[in-house]
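Reader: I would like to know how the labels used for a structure follow from the numbers. Please take me through a few of them.

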Amino acid sequence: MAIHRNLMLARLVAAAGASLFLLGAQASSEPVHKAKPAPVQPAAVAPMALGDEELLLSTRVSIGNIPCELGQSVNLRADADAPGYFHLQLKNQRFHLRPVMSATGALRLEDQARGAVWIQLANKSMLMDQKQGRRLADECMSPLQAAYAEHLKHNPAPNLLDVAQKSR
C-alpha cells in the first residue's frame, strides 16, 4: 500500500514538473515587456521616543567637532527634532544615533540601521562599524576627555588584579 502511494506521488510530482517545464518553454518563446517600477521614495521614519534613562544618558554626551587620531575628526551634534538623538558625521558618512544602556558603564550611541556605534569613555571615544567589525575612528577626544587622558598619564588607575590581591 505504501509503495503504491509513493508511486502515485512520484507520478504526480513528475507530471507537475513537466507542466511547469512546458509552461516555462511557452512563456520564454514570447517577448517579455516589463514595465519599469516607479522609484520608491523612502518614507521619513520618526525616531522612537526615548525612555527616561536614555534621555538621562544623552545629557552626558560630549558634542562638537571632536579630533581623532590620524588627522580625522567627527562632528557630533544633538538632533533638534528628536530629543536624546544625535547626528554624527565622519567625512562623508552620516549617522543618526540614539543612546543605549550599557552594562560596562561606557556611554554608547547606536545607529542600528547602519550598524554604527559611538562609544564614549572618560578618556576617549571611538566610532565602530558593527557590520564590518572595524573601527572607523579612534582616540577621539573632546577637551574634557583630553584633560582626563593627560591626568591618567600622571596618575594611572590601579591595576584591578593588584587591588584584588591587596584586599585579601
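Reader: How do you know that the structure holds 1 disulfide?

Author: A disulfide is a pair of cysteine sulfur atoms within 2.5 Å. The sulfurs of Cys 68 and Cys 140 are 2.0 Å apart, so the pair meets that cut-off. This is a predicted model, where local features need pLDDT of at least 70 and side-chain atom pairs count only at pLDDT 80 or more, while totals for chains, interfaces and linings use all residues. Residues are numbered from 1 along each chain as its sequence is written, and side-chain values use heavy atoms, with hydrogens and water left out.

Reader: Why is the disulfide of Cys 68 and Cys 140 called right-handed?

Author: The torsion about its S-S bond is about 105 degrees, so it is right-handed.

Reader: What makes Glu 54 count as buried?

Author: Buried means under 20% relative accessible area, exposed over 50%, and partly exposed in between (1.4 Å probe, protein chains only). Glu 54 has 18% relative accessibility, so it counts as buried. Cys 68 and Cys 140 are both buried too.

Reader: What joins the side chains of Glu 54 and Arg 98?

Author: A polar contact of 2.7 Å joins them. A polar contact is a pair of N or O atoms within 3.5 Å; within protein, one must be able to donate a hydrogen and the other to accept it, and residues adjacent in sequence count only if both atoms are side-chain atoms. The 2.7 Å between Glu 54 and Arg 98 is therefore within the limit.
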